[in-house]
Each structure stands twice: as structure tokens, then as C-alpha cells.
Amino acid sequence: MNQKYDVVIIGGGTGGYVAAIRASQLGLKTAVVEQGKLGGTCLHAGCIPSKALLRSAEIYSNAKNADKFGVIAPEVGLDFSKVQARKEEITERLFKGVQHLMKKGKIDVFEGKGSILQSRDVLVRFNNDERETILNSRNILIATGSRPRTLPGLEADGEYVMTSDEALQMKELPNSIIIVGGGVIGIEWASMLIDFGLEVTVIEYADRILPTEDKDISKEVQRLMKKKGVKIVTGAKLLPESLEKGEGVSIKAEYKGKDTTFSAEKLLVSVGRLPNIEGTHLENTKVEVEHVIQTNEYYQTDEPNIYAIGDVIGGLQLAHVASHEGIIAIEHMAGENPVPLDPSLVSKCIYSSPEIASVGLTEEEAKEKGYQVKTGKFSFRAIGKALVFGESDGFVKLVVEEESSKLLGAHMVGPHVTDMISEAGLARVLNATAMDIAHTIHPHPTLAEAIGEAALAVYGKEIHA
């Protein structure tokens, strides 16, 4: 007998399980179908495990430089097995937390592969056996996430060539690595591995790393990564057919008009992610797919009772975005009146060392949209707490509309900026001006004083410059 639900969610990652909790809160009978583990990529192969490794790398780097703080630590070593064990412990603890939330919400969880038979039926093929069941539902939410993209000829082999999935499971660190791609994930890995003591080379096709960030941020991050010892090669076209494996790897790239060879023990491919759409059998529905699933602003597809969120619909591939999309989709199903998500209000974070964070328009984007802009910029070098931390590189930059002083965007690089960006995010939501931010009293000594000073800098009134 088919089991009946108000909503069946295919995919139990961050977007899927948050949507399930919201559905439960609204009194909807809810099921989640997950082939892997609840928490998905973010919890098990992305956000959480990578940040755990980044934290260990930061502690290791700080310990090696402890003498700058008057702390003598002559025998600093690294036990990478313990680094990995700590990562697994954190992940397992959070995984159990998600399981508890499913039980608390009386949400049924089916461990298996979900596919759509027709607009209201989901077929579940259970893991590890041949059992099947059909879930009948008034609504279906697709939240199947994404996987690392590779390049032809650079497929992961588990030994020489890796994606982030394989890199997270390394049992020991190599001495050197080539990272293909200087985007968000590539720069996080470059930062982590240089702090672990590896020789790191980043090869990026664009003319700068982090090409979607504000140019001033990109330039500063490149300077600071080079200062840490990362070799950064931009404007380079990789030649995958030249890959050679043996005692390590070597590969050529067209760089400055000639073929240049790069060599290391390992190669990490970090060139984006692909949506997990295959196998969901969307051909059985009216759902339109153009590389990604097409939806309206409430994440509803052309099949009115089928919704999709997260990486399978493209856009900002961020866990917090998927969660918010899931809440909007569920509330729309339930007849609520949710406010559509505005991508320009989404804060974006990069957890390298130094950290990077932004919200809203870059200076270049604002000008392209026809705004007359002013900017305010303030360095962490003049912030007392940054000097106390020993992390005074970086700055805060605000982009405002010249006539109204309305905040259009905020861009930060430096210590703990991923924890600071939400102030600017709230300012964007409230349509605040730079003077509103300047009038906000920032306690002293804090890193957030840089935001207040950058706001004053818009008017040429910064105090400590």
C-alpha cells in the first residue's frame, strides 16, 4: 500500500532537512528520502569538514609562529590522523543532531534513492537491498544538491588527481599540490594546505583569482596568499591532455604565450559543481530542465506541485541559500505568503586565512547597473583588536549610492570577517545608509570598528586614518 504525505522531499541535505522541519512546523505530514546521510554535502563533504580542517591548519600555523606572541613552543608537530579524527567527530555529532531533529518533528526518513514516477508519486529504492516503496504526496520538493565538477582528462583517480571529495578523506598530506581553479573552494584549499606546510600552486584561467568578488578584494587576497607562500598563476589555460602521472603529477598550461609545465605530488581539481539531476526521472513530469531545474520565485516548477531548491536550480550554491529557499518553497506549498529571496541580500563567505565576506553589489557591478557610487575603505592595520590578534592584514570596503548614501554592497577581507558580514547584511535588508552604519556605536576594541570607520570614510570623516 502506498504511503501518503503532504510533502515528500528528495534529498536530506541542508536545504532538504531545513525544509522538512519547516513543513513539520506547519503541520504537514512530511517524508525525506536520502540516499546518503542526512546533512548531505554541506555536513559530510563540504562546509563542516572543510572548516574543521581549516581550523586545524590555522592552529598549526599559529603554533609555529607562537614566538611572536611571546609563547615559546619549540616542538610543534602535526598528527594528521588526529586532525581527520576531530573532523569526523564534529561531523558525526552534527549528524546525530539532524537525526534528532527529524525524530522531534515526526518526519519520516527513507534511506534510499528517490525518483519521480509521476507528479505525485515518488519511488524509493532502499539502500543495500532490493526493496521498493511508493510514496504518494500532494507536493514533492527536489533538493538533491550537487557534486564536484571535473575536466575531461582530469577525472579523480583517488591517488594522483582529486576533487574536494577525495581530498577531505586524505589519510596523509602530500608535500606539494597543484590546485586547478582559483575560485572559492580552490582558495580555501590553498589557504588550508599552505598552513599545513605544503607547497601550493593555484592555476586559474581568469585574469584574477576569485573573479566574482570585488576587484579590490581579489587583488588583496592574491597579495596575501602570495605572502603566505602560495604560487598563483592566473590567465593560464590548462592542457589536460598533457597530464602525466608517476612519481607525482605534471601538467602543462598555456601561460604568457608559451606552454609551461607544473609539477607536484597531487592535483586537486576545483572548477565548480554539477547539479545532481540524473536519476530523478524528471522526464516523467512537465518539469523544465536547462542544465538546471527551472523554477519561479517560489521554487515551483512547471509541474505545479513539484518544487526544487538548492544547487539543482543553479544560482548561489550556498547552504544558507538552499535552506532559505526550502523554507520559501514549503511556505508557498502551505498557502502562506513568503517573501521571495533577493540574491543581493545574501551574505557570502570564504573561510580562507584571511577570511573573505561580501554582500550586495561589487563596485564594478554597481557601476554597470548605472549607479553613481562612492566607496569607503578602512584597513585593519588601524584597528586595535586586529593588532592584538596579530592579524592586521585586510580591509572593509563599503559601496554606496552617491546621492542617497544607501548601502549597495559591503566587501571584507581580514580576521573573522565571516562573523562580521551579517551587520552589513542587515543594513542591506533595512536599506540603511552609510551614515546609519556610522551612527551605530561599535564597541571598542572590536574588529567591527572597521565597519564603522569604513562608513565614515564614505564621507571623508574616518577618525583613525
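**Exercise 1.** State where Pro354 lies and which form the peptide bond from Ser353 to Pro354 takes.

Solution. Pro354 falls in the loop between strand S19 (347-350) and strand S20 (355-360); strands (E, at least two residues) and helices (H or I, at least four) are DSSP runs, numbered from the N terminus. Next, take omega from Ser353 to Pro354: the value is near 10 degrees, and the bond is cis. This is a predicted model, in which local features need pLDDT of at least 70, side-chain atom pairs count only at pLDDT 80 or more, and totals for chains, interfaces and linings use all residues. Residues are numbered from 1 along each chain as its sequence is written, and side-chain values use heavy atoms, with hydrogens and water left out.

**Exercise 2.** Find the loop that holds Pro445 and the form of the bond joining His444 and Pro445.

Solution. The loop with Pro445 runs between helix H12 (434-439) and helix H13 (449-457). Omega between His444 and Pro445 is about 0 degrees, a cis peptide bond.

**Exercise 3.** Locate Leu210 and give the sign of its phi.

Solution. Leu210 sits in the loop between strand S9 (199-204) and helix H7 (215-228). Its phi is near 45 degrees, a positive value in a residue other than glycine. Most residues other than glycine have a negative phi, and most peptide bonds are trans.

**Exercise 4.** Which residues of H1 and H8 make the contact (heavy atoms within 4.5 Å)?

Solution. From H1 come Thr14, Gly15, Val18, Ala19, Arg22 and Ala23. From H8 come Ala319, Ala322, Ser323, Gly326, Ile327, Ile330 and Glu331.

Terms used. Contact = heavy atoms within 4.5 Å.
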